[in-house]
Amino acid sequence: MTELWRDPTASTEARVADLMPRMTLREKVSQLSGIWWLDPEAGGMAPMLRETLGPQPDWDELIEDGLGQLTRTFGTGPLAPREGLELLAQRQRDVVAANRFGIPAQAHEECLTGLAVWGATIYPSPLCWAATFDPPLVERMAGQIAASMRDLGVHQGLAPVLDVVRDARWGRVEETLGEDPFLVGLVGSAYVRGLESGGVVATLKHFLSYSASRAARNLAPVSAGPRELADVFLPPFEMALRAGARSVMNSYTDIDGVPAAADPELLTTLLRDQLGFEGTVAADYFSVAFLESLHRVAGDLGEAARLALEAGIDIELPSPKAYDEPLLAAVAEGLVDEKVVDRALTRVLRQKCELGLLDPGWAPPEPADVDLDRPESRAVALEVAQRSVVLLANDGVLPLRDGVRVAVVGPRADTPQAMQGCYAFPMHVLVHHPEVEDGVVIRTVREALADTYEVSYELGCPVLGGDDADLASAAATAAAADVCVVVLGDQAGLFGRGTSGEGCDVPDLRLPGRQEELLEALLETGTPVVAVLLVGRPYDVSAFAPRLAGLVCGFFPGEEGAQAIADVLSGRVNPSGRLPVSFPDAGSTQPWTYLSPTLARLTDVSSVDPTPLYPFGHGLSYACATWVSVIGTSGSRWDTGGATGVEVELANDADRDVSEVVQVYLHDPVSSVVRPVQQLVGAARVDLAPGERARVRFDLHADLTSFTGRDLVRVVEPGAVELRVGASSEDIRGVVALDLAGSSRQVGHDRALEPKVTLRSP
């Protein structure tokens, strides 16, 4: 008779309940960790890697009682797909054969800018996704990423990052979706839907408030209060959990002295009891061990295991440190209740059951030559890049005329690295394998512009250093051209090996190295200068912006990014990206975001003006939509328990396609606690062909006005409010004044989180 847990027709709960009592404690604990088969001598991928990872265990001994996860089988070294499939298949066969239940491991990989393996499509960075303001496009992109993961037998992806930017000096800004919680949640949820609809477990990072570290230093403590946690950092996770995310990863930091990895109020009370999350909580790499070595809240690894397990971390990644012999010993000594082990195991086995890993006859994919950079994937990567390029300023030089001689200058002009963030495979892994090619074709801005224009080139200066800078030659090249395109920006890297990326925090927001000197030398030539920024964060370019003929931002636009930049500069594509982060004005005043109350803005009581040079939501186009009308459709009364409508009519009076991002901001003039002057509550991208008109309607529930009150309960508060509708946070085209009428109403995590958006013809 077949055991119930092996029966695919039985319910998941029944199967897991039948299997668990059959397992020994050691077999249970073996399901709660993964293995990262990495030689720490060879990579140097992270600080303290050798010390934290320790000596590699004997493979046969490690798997004899089972294994929870296989960590980055493909994403640790440059393996061709067939080679990686052979390795994964062999490891899975070993795991299945070794444990008496035949349970395979769950395989996970990084997928922040596409699947982070050799030869896979490198999509634009998350800042680019957010700059598109186009959730359906991001969902389509994520679906393609999921398809590649399925082809390789990968079950789980460690993305998206839902941290809300609070200080642009933080190195991981490039991994985020910007400074607004609604936009982060809107775009992050689209990515989750794409990944999960493809059968891949999406992992939300980093729960909670990782991006609020003091002085923007990676892993530094967080001083956020409960209201900021609830109103700024939590909503994107609420939205993404509703989208179906099945995994959450903890933050490395501590909040007011309690590390997230050891905080039951965060990982159990909030995440599970209040938000209703039923998936798995995966430890960010080494964060359980860090409770002992970095946070110093555990005296040994056994105590670290107890703290993390009781807090709610189900599986230790990337390799067993605490959830191994230290945990077994702690249970034996009565320091850890086996029921806590069972709680985590239930979640792990439930997810494996959902993935089909408990089904009879399961087998890993057979080795094959898989194309991970298919033409359709490159096409979507190009579309995301094109729709994410932001035209910040233009005096009429752009688009470039046919036949102009273009001097292409700068440290980011002729290198494929300029297109990639720190989690793109070439930047993350291949930097340790310089003999290996990128695995995908990545053109440079110089190459892409040379398809259309007569191009001359000079480096000018590197991103960092400057001993080999030749500013004079760069200036001479610019002087001999009709227009100069200078490509500036960041070198993505990890832990100080770049100017942007994880562990690459900066003290100010000046362009790295001698790039400002280069820009000054080019401007002095009198040749019109168009600056292209390929960056992982916004920079202070206020000293140069007024003298530039044009300013374009591409963030890290992926393997098709150079083509997208050339398409925008040439006018083949009408730029339509919008800023997900503000660009600071003079002085790089940080930390600052547009989510600021009155006293955080320009006032008479401070000599510091934090007004941004380019505000959140800003972006220009060569041809723009005509805003015909902005009207409220439900009268002036907005019931505190009901909805109101706002409708915008747009027209395209130009002779080319246009794309507008309609943005709806809430302004609450008087409230019981200090609130931002305005915050995004709705957004919609509207594409119009020449002569076309459209109406976009937002139906907004009063829940969208809610905030955390003085008693730390979320409330909809009656009173006058405004819905400010515009093309950016500072370019408001219409205001709908409303009276929130009725009684004050408490709302919970089941509240409406986004408006209903309807697009139709007039």
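Visitor: In which loop is Ser 706 found?

Guide: In this predicted model, Ser 706 lies in the loop that runs between strand E21 (693–701) and strand E22 (707–708).

Visitor: Why does Ser 706 count as buried?

Guide: Its relative accessibility is 6%, and buried means under 20%, so Ser 706 meets the criterion.

Visitor: What makes the pairing of the side chains of Ser 706 and Arg 714 a polar contact?

Guide: The two side chains are joined at 3.0 Å, and a polar contact requires a pair of N or O atoms within 3.5 Å, so the value satisfies that distance limit. The side chain of Ser 706 also reaches the backbone oxygen of Asp 703, at 2.7 Å. Apart from neighbours within four places in sequence, the residues in contact with Ser 706 include Arg 675, Val 747 and Arg 751.

Visitor: Why is one side of strand E16 and of strand E27 left without a neighbour in the sheet?

Guide: The open sheet has four strands in the order E16-E18-E21-E27, paired antiparallel; strand E16 (626–632) and strand E27 (756–760) stand at its edges, each with a single partner strand, so one side of each has no neighbour there.

Visitor: How do you know that E16 and strand E18 pair?

Guide: Pairing calls for at least two bridges, and six bridges join E16 to strand E18 (residues 643–651), so the two strands qualify, running antiparallel. Within this arrangement, Trp 627 stands opposite Leu 650 in E18.

Visitor: Which residues have the most contacts inside the largest nonpolar core?

Guide: They are Tyr 191, Phe 207, Tyr 323 and Leu 569, in a core of 163 residues, of which helix H9 (residues 181–197) supplies the largest share, nine residues.

Conventions
Residues are numbered from 1 along each chain as its sequence is written. This is a predicted model: local features need pLDDT of at least 70, side-chain atom pairs count only at pLDDT 80 or more; totals for chains, interfaces and linings use all residues. Side-chain values use heavy atoms; hydrogens and water are left out. A nonpolar core is a set of buried Ala, Val, Leu, Ile, Met, Phe, Trp, Tyr and Cys residues joined through side-chain atoms within 4.5 Å. Buried means under 20% relative accessible area, exposed over 50%, partly exposed in between (1.4 Å probe, protein chains only). A polar contact is a pair of N or O atoms within 3.5 Å; within protein, one must be able to donate a hydrogen and the other to accept it, and residues adjacent in sequence count only if both atoms are side-chain atoms. Contact means heavy atoms within 4.5 Å.
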